[in-house]
Amino acid sequence: MARPRALLLLAVAAAALLAAALPGARGFYLPGSYPHKYNPGNYLNVKVNSLTSIDTEMPFSYYSLPFCEPQEGVKDSAENLGELLMGDRIENSPYRFRMYTNESDVFLCRSPPLGPDAFALLKKRIDEMYQVNLILDNLPAIRYTRKDDYLMRWTGYPVGIRVGVDYYVFNHLQFTVLVHNIKHNPEDVKSRKMYDQYPNKIKCDPTTVSMSIKENEPIVYTYEVNFVESDIKWPSRWDAYLKMEGAKVHWFSILNSLMVIAFLAGIVFVILLRTVRRDLTKYEELHSEAQAQMNEELSGWKLVVSDVFRAPSNPMLLCVMVGDGVQILGMAVVTILFAALGFMSPASRGTLITGMLFFYLVLGILAGYVGVRVWKTIKCGDHSGWVGVSWRVACFFPGIAFLILTTLNFLLWGSHSTGAIPFSLFVVLLLLWFCISVPLTLVGGFLGAKAPHIEYPVRTNQIPREIPPQKYPSWLLVLGAGTLPFGTLFIELFFLMSSIWMGRVYYVFGFLFIVLLLLVIVCAEVSLVLTYMHLCVEDWKWWWKSFFSSGSVAIYIFLYSINYLVFDLKSLSGPVSATLYIGYSLFMVIAIMLATGTVGFISSFCFVHYLFASVKAD
């Protein structure tokens, strides 16, 4: 057993910066909840979240390690759907403070002697760089240090460190709680009942390492807490977490996107106002005999007038992908807009994921409507088969998501990670899909079947026109087109990836919403230009190419994800962690491909319809 003196010499402060809500604090704060009232001497209970690591990306329960447990037993906090999907497991902890009562040398507990399994697990978690995440008054703990004139902050603190062959655990925590404008009344805390005092004065030296852990020896945990008055008001208490770093980089990203948009807009302007309008004006000014003679001399896009609206191959699959793309894009726009307006606060953990799921389910009606209406348009007004289209729209992307997430969930289950979705939650998700999304998609499909189809402006010949040999493979140009949309978002993509995989807070949803709008514009312009180029070389098979010319941005995002894994997450350990990363990345890029491809298809369809609506050809 470690002697108390040895323990004190090895103790180290893992300082945590937290902010407590204060009596009398008032203010309108849209993103957060209302302030709690704490009088001097009231208990402040610290909660714990899952242990996390950027080395494995697999969260584990706090009490999976030999930490002190509360006297009243471990109790789970009420968690919403988003928290469960993100792997959060918030539980009570033995750490408790009294409002505005400084405490030191507080003895917490003495763990049982570390058995071989517990000792090996603790060393493994230290090697894997796991962090302890504490929460006070709904604020996560921040570990901070000052380097030169710069204050560096991290959420959570390490389980321990390794020095040579020895392992050390952070068993003494020094908390600093910032309070604002509170009056200290000694009478309110006169008869307080505190935890037992540690028998000796703890001298915590931040320059020394913490307690060395050894097999078959217990760990003694202690803590101290200091309350410091601060001028930080309650509405501003999240500023330390949400402080926007690198605003110039975000503006540069937007400026870069605007330059790409301006370049493509110039091309579209030339196509529409100079080439197309000039050709159509010439054509309309000729009398009927001259038009007939001109038809024989036509070249380029005007030659495919009788084939341009010929039904594509696999039309049902195209309708299904467009319907799912509209649903995903609508979910992204609405969710990010609400987050940018402050309705999805980081104080309400899991609301972002919960909101995305809610909007996705509700927008099933739009997916069914668009998918069936495109199907009816391709079939020239025949809506037979709309039920099959609606069912496929309802099942296509959710089926892909279910396959990927179930496979990854088995890996998490096998690792006993809290990131694994519980079986009961799987049942809930299936019920939400079957009872909300599927019926709404069928209702949308019914409305789409009843809506008038979009009539083609020209007739289609029974015999398809032969496409002349091309100088270069058309799909090569389609795949290359994805570089332009990728160029509009790759800077913002780095911040998103860092937020997801490096545990950094991302809350600049205003920038993200602007980038999303710019991405939609670029995808529409790229697909429009590519469609025109294919029509000019008499390639009338534009349907699928218009979808993938903008949807191919997903390929470059996936390649960027692999690059991020190799160079930024090079500490990621084990095949399970890498598989999880690749699986989630694949799920993300499939959703992006459907959303961006839908934008390209709809813009190209509108362009082609407008273009040939002005052609008078029998």
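Helices here are DSSP runs of H or I with at least four residues, and strands are runs of E with at least two, both numbered from the N terminus. The model is predicted, so local features need pLDDT of at least 70 and side-chain atom pairs count only at pLDDT 80 or more, while totals for chains, interfaces and linings use all residues. Residues are numbered from 1 along each chain as its sequence is written, and side-chain values use heavy atoms, with hydrogens and water left out.

**Exercise 1. Place valine 443 and describe the nonpolar patch to which it belongs.**

Step one: valine 443 lies in helix α11. Step two: with a relative accessible area of 41%, valine 443 is partly exposed, a class that falls between buried (under 20%) and exposed (over 50%), computed with a 1.4 Å probe on protein chains only. Step three: Val443 joins Ile365, Leu366, Phe446 and Leu447 in a nonpolar patch on the surface, with about 380 Å² of accessible area together. Step four: the elements that give two or more residues to this patch are α9 (364–378) and α11 (423–450), and α11 gives the most, with three residues.

**Exercise 2. Classify the ring pair of phenylalanine 494 and tyrosine 564, and state which helices it joins.**

Step one: rings of Phe, Tyr and Trp (its six-membered ring) pair if their centres lie within 6.5 Å, and planes under 30 degrees apart count as stacked, over 60 as edge-to-face and the rest as tilted. Step two: a search of the whole structure finds 36 aromatic pairs; in one of them, phenylalanine 494 and tyrosine 564 are 6.3 Å apart centre to centre with 65° between the planes, which is edge-to-face. Step three: phenylalanine 494 lies in helix α13 (residues 483–501) and tyrosine 564 in helix α16 (residues 553–567), so the pair ties together parts 70 residues apart in sequence. Step four: phenylalanine 494 is partly exposed at 29% relative accessible area, whereas tyrosine 564 is buried at 1%.

**Exercise 3. Treat the rings of tryptophan 501 and tyrosine 584 in the same way.**

Step one: the ring centres of tryptophan 501 and tyrosine 584 are 6.3 Å apart and their planes are at 40°, so the pair is tilted. Step two: tryptophan 501 lies in helix α13 and tyrosine 584 in helix α17 (residues 574–613), so this pair ties together parts that are 83 residues apart in sequence. Step three: tryptophan 501 counts as buried at 9% relative accessibility, whereas tyrosine 584 is partly exposed, with a relative accessible area of 30%.

Methods: Patches are made of residues with over 30% relative accessible area and no salt bridge: like charges are joined within 9 Å, nonpolar side chains (Val, Leu, Ile, Met, Phe, Trp, Tyr) within 5 Å. Accessible areas come from the Shrake-Rupley method with a 1.4 Å probe; for residues, only the protein chains shown count as cover. A salt bridge is a side-chain nitrogen of Lys or Arg within 4 Å of a carboxyl oxygen of Asp or Glu.
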